[in-house]
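This briefing introduces a protein structure to a reader who has not met it before. Please look over the sequence and the structure below before turning to the notes that follow.

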Amino acid sequence: MSLSTHVLDAARGRPARGVPVRLERREGDGWTRVAEGRTDDDGRIGDLPPPEKGTYRLVFDTAGHSDFYPEVTVAFNVTDPGEHYHVPLLLSPYAYSTYRGS
């Protein structure tokens with residue numbers, strides 16, 4: 001099982017490098033930090049720890065890329081720890097989207 005993310009700056013048509021990202025796991029009523037890092041020159045973080053079954057979220061510090069969205073949080077469920085989970089973020093100044101990638 002593996003987990004990766006990718007941030008694309010849709011307004012510039014380029015990867016968003018240097019974006020701080022936190023991976024957190026839901027524990028009861030709160031969240032526990034699992035890992036953190038910054039996107040590389042290609043806008044990717046590929047070495048996140050493999051999560052177990054459960055609910056997670058990626059918290060992207062997007063303040064340097066959007067005046068409107070200083071932070072984007074994407075929560076997702078890991079249902080099969082044997083699969084690869086790729087959670088990309090497409091970011092523009094006034095919108096963002098995500099999907100489950102491959």
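Among contacts in the chain between residues at least 6 apart in sequence, what percentage join residues at least 24 apart? The share is 55%. The model is a predicted one, and its chain contains nine strands and zero helices. The points below treat the chain as a whole, then its core, its strand pairs and three individual residues.

**Overall form**

- In sequence order, the elements of the chain give the pattern β-β-β-β-β-β-β-β-β.
- The chain is as compact as a globular protein of its length, because its radius of gyration of 13 Å is close to the 13 Å that the globule rule gives for 102 residues.
- The C-alpha trace extends over about 35 × 30 × 20 Å along its principal axes.
- Of the 102 residues in the chain, 35% are buried.
- The chain has an accessible surface of about 5,800 Å², and carbon and sulfur atoms account for 45% of that surface.

**The largest nonpolar core**

- The largest nonpolar core has 19 residues, and those that touch the most other members are Leu3, Leu23, Leu58, Phe60 and Phe76.
- At least two residues of this core come from each of the strands S1 (2–9), S3, S5 (44–48), S6 (54–61), S7 (71–78) and S8.
- The greatest contribution to this core is that of S7, which gives four residues.
- Beyond residues up to four places away in sequence, Leu3 is in contact with Leu23, Gly46, Leu48, Pro49, Pro51, Phe76, His84, Tyr85 and Val87.
- Two of the core residues named above, Leu23 and Phe76, are thus among the contacts of Leu3.

**Strand pairs and hairpins**

- Strand S3 runs antiparallel to strand S4 (residues 30–38), and eight bridges join the two.
- S3 also runs antiparallel to S6, to which five bridges join it.
- Arg25 has a bridge partner in each of these neighbours of S3: Thr32 in S4 and Tyr56 in S6.
- S3 and S4 form a hairpin with two residues between the strands, and in this hairpin Gly28 adopts a positive phi near 65 degrees.
- Strands S8 (residues 84–92) and S9 (residues 95–98) are antiparallel and are joined by four bridges.
- A hairpin is formed by S8 and S9, with two residues between them.
- Within this pair, Leu91 is placed opposite Tyr96 of S9.

**Glu24**

- Glu24 belongs to strand S3, which covers residues 20–27.
- Glu24 counts as buried because its relative accessibility is 7%, where buried means under 20%.
- The side chain of Glu24 has a polar contact of 2.9 Å with the side chain of Arg22.
- A polar contact of 2.5 Å links the side chain of Glu24 to that of Arg57.
- When residues up to four places away in sequence are set aside, Glu24 touches Trp31, Thr32, Arg33, Val34, Thr55, Tyr56, Arg57 and Val59.
- Thr32 and Tyr56, both touched by Glu24, are also the bridge partners of Arg25 in S4 and S6.

**Asp9**

- Asp9 is part of strand S1.
- With a relative accessibility of 7%, Asp9 is classed as buried.
- A polar atom of the Asp9 side chain lies 3.2 Å from the backbone nitrogen of Ala11.
- Leaving out residues up to four places away in sequence, Asp9 touches Arg14, Pro15, Ala16, His65 and Leu91.

**Leu90**

- Leu90 is located in strand S8.
- Leu90 counts as partly exposed because its relative accessibility is 26%, and the partly exposed class runs between 20% and 50%.
- The C-alpha atoms of Leu90 and Pro15 are 9.3 Å apart in space, although these residues are 75 residues apart in sequence.
- Leu90 touches Leu8, Ala95, Tyr96, Ser97 and Tyr99, again without counting residues up to four places away in sequence.
- Tyr96, one of the residues that Leu90 touches, is the residue that stands opposite Leu91.

Note on methods
Residues are numbered from 1 along each chain as its sequence is written. This is a predicted model: local features need pLDDT of at least 70, side-chain atom pairs count only at pLDDT 80 or more; totals for chains, interfaces and linings use all residues. Side-chain values use heavy atoms; hydrogens and water are left out. Buried means under 20% relative accessible area, exposed over 50%, partly exposed in between (1.4 Å probe, protein chains only). A polar contact is a pair of N or O atoms within 3.5 Å; within protein, one must be able to donate a hydrogen and the other to accept it, and residues adjacent in sequence count only if both atoms are side-chain atoms. Contact means heavy atoms within 4.5 Å. Two strands pair if DSSP finds at least two bridges between them. The radius of gyration is taken over C-alpha atoms; the globule rule is 2.2 Å times the number of residues to the power 0.38. Accessible areas come from the Shrake-Rupley method with a 1.4 Å probe; for residues, only the protein chains shown count as cover. A nonpolar core is a set of buried Ala, Val, Leu, Ile, Met, Phe, Trp, Tyr and Cys residues joined through side-chain atoms within 4.5 Å.
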